[in-house]
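Q: I should like to learn how surface features and charged pairs are read from a structural model. Could we work through an example together?

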Amino acid sequence: MKNGGNMNKRDLKAKRIVIKIGTSSLLYPNTSRLNLRAIERLAFVLSDLKNQGKEVVLVSSGAIGVGMGRLGLNRRPETIPAQQAVASVGQGELLGIYEREFQHYGKSVAQMLLTRDVLVYPQSKKNVFNAFQELLQMNVIPIVNENDTVSVDELDHKTKFGDNDQLSAIVANLIDADLLIMLSDIDGFYSGNPMSNPSAELYHTVTSIDASIIQAAGGRGTKFGTGGMVTKLKAAKRILKNHQQMVLANGKNPRIIYNILAGEPVGTLFAPKEVVTKEGLA
Ligand SMILES: Nc1ncnc2c1ncn2[C@@H]1O[C@H](COP(=O)(O)OP(=O)(O)O)[C@@H](O)[C@H]1O
Ligand SMILES: N[C@@H](CCC(=O)OP(=O)(O)O)C(=O)O
């Protein structure tokens, strides 16, 4: 359903929330310079949600972008080993920034570097689940990124495999989150890529990922984003299959998370049909 349809408030009632933030929201467009205001606001909002008693997991991209900034590179390296090396430089700095920002609000963070196959191996699945449970019980905010030096699929974005978008859906599945909030540099999912098609319309609600929806997905917006809309739709597909919900919204100002949790019709809600129908949104 595109905007202009029913714009009722959403009933999200989320206690356990996964928030994914993309490189495009952490860096200024097409530079490797940090958007410090966005990061500071993100730390503020997530800390405040913790104070409200919510359980919060952050999935953050940005290792390659931050590493490029640190190494003074203005073009993303092309080879996988070079991307892996840059990611490992950037990941340390990225975590350092989060550590500093969250400490400001008295919150502890934990680094979790995962690969997307965690669900495939029962023992890994159990271990990762247990680690999340412990961290959440300890009131810590886990900060997840894909383990870039180990997992090459994401970095080789010529392949059809996933990335942090899908990893965030995998984490949401694993810990049975009530909601996945995906923050990007765009207001939601449109009927076409708004960067190349100015008349594309925003979808308010999507209940299934069919061929017409996939057709509307284009590539990344900035030179640092990886998957574009395709990987976000793959993530949404996982979420819908697991009867969970996801909101895709603009992370320019992370305070939008408050609007999302208040049920305001911002961004695009991906939710199973039965949920949407029950809420009278269809
Ligand atoms: N149908 C679509 N609706 C919205 N954005 C789209 C669509 N198709 C392609 N895009 C592009 O996807 C980009 C977001 O993906 P990406 O650059 O990978 O960001 P991130 O770093 O947040 O993961 C947008 O800036 C936009 O240019
Ligand atoms: N793991 C890599 C790439 C992550 C990724 O998926 O990027 P994005 O499309 O900005 O979410 C990094 O941290 O740079």
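Q: Is Leu71 buried, partly exposed or exposed?
A: One general point comes beforehand: this is a predicted model. The class follows from the relative accessible area, where partly exposed lies between the 20% and 50% limits. Leu71 has 45% relative accessibility and therefore counts as partly exposed. Leu71 belongs to helix α3, residues 63–71.

Q: Which residues make the nonpolar surface patch of about 210 Å²?
A: The patch is made by Leu71, Leu73 and Val89.

Q: How should salt bridges be read, and how many does a search of the whole structure find?
A: Side chains of opposite charge can pair when their charged atoms come close. The search of the whole structure finds seven salt bridges. One of them joins Lys13 to Asp11, with the closest N and O atoms 2.8 Å apart. Lys13 is exposed at 67% relative accessibility, whereas Asp11 is partly exposed at 39%.

Q: Where in the chain do the partners Asp165 and Lys20 lie?
A: Between Asp165 and Lys20 the closest N and O atoms of the salt bridge are 2.7 Å apart. This pair links distant parts of the chain, 145 residues apart: Asp165 lies in helix α6 (residues 164–174) and Lys20 in strand β1 (residues 16–21). Asp165 is buried, with a relative accessible area of 1%, and Lys20 is buried as well, at 4%.

Q: What is the relative accessible area of Arg75?
A: Arg75 has 58% and is therefore exposed. Its salt-bridge partner is Glu78, with the closest N and O atoms 3.2 Å apart. Glu78 also counts as exposed, at 63% relative accessibility.

Q: Which residues are joined into one network by salt bridges that share partners?
A: The network consists of Lys20, Asp165 and Lys232.

Key
Residues numbered from 1 in each chain as written. Chains lettered and ligands numbered in written order. Predicted model: local features only at pLDDT ≥ 70, side-chain atom pairs only at ≥ 80, totals over all residues. Heavy atoms only, no water. Patch = residues over 30% accessible without salt bridge, like charges linked within 9 Å, V, L, I, M, F, W, Y side chains within 5 Å. Areas by Shrake-Rupley, 256 points an atom, 1.4 Å probe, with all protein chains shown as cover. Salt bridge = Lys/Arg side-chain N within 4 Å of Asp/Glu carboxyl O. Helix = DSSP H or I, 4+ residues; strand = E, 2+ residues; numbered from the N terminus. Buried < 20%, exposed > 50% of the residue type's maximum accessible area, 1.4 Å probe, protein only.
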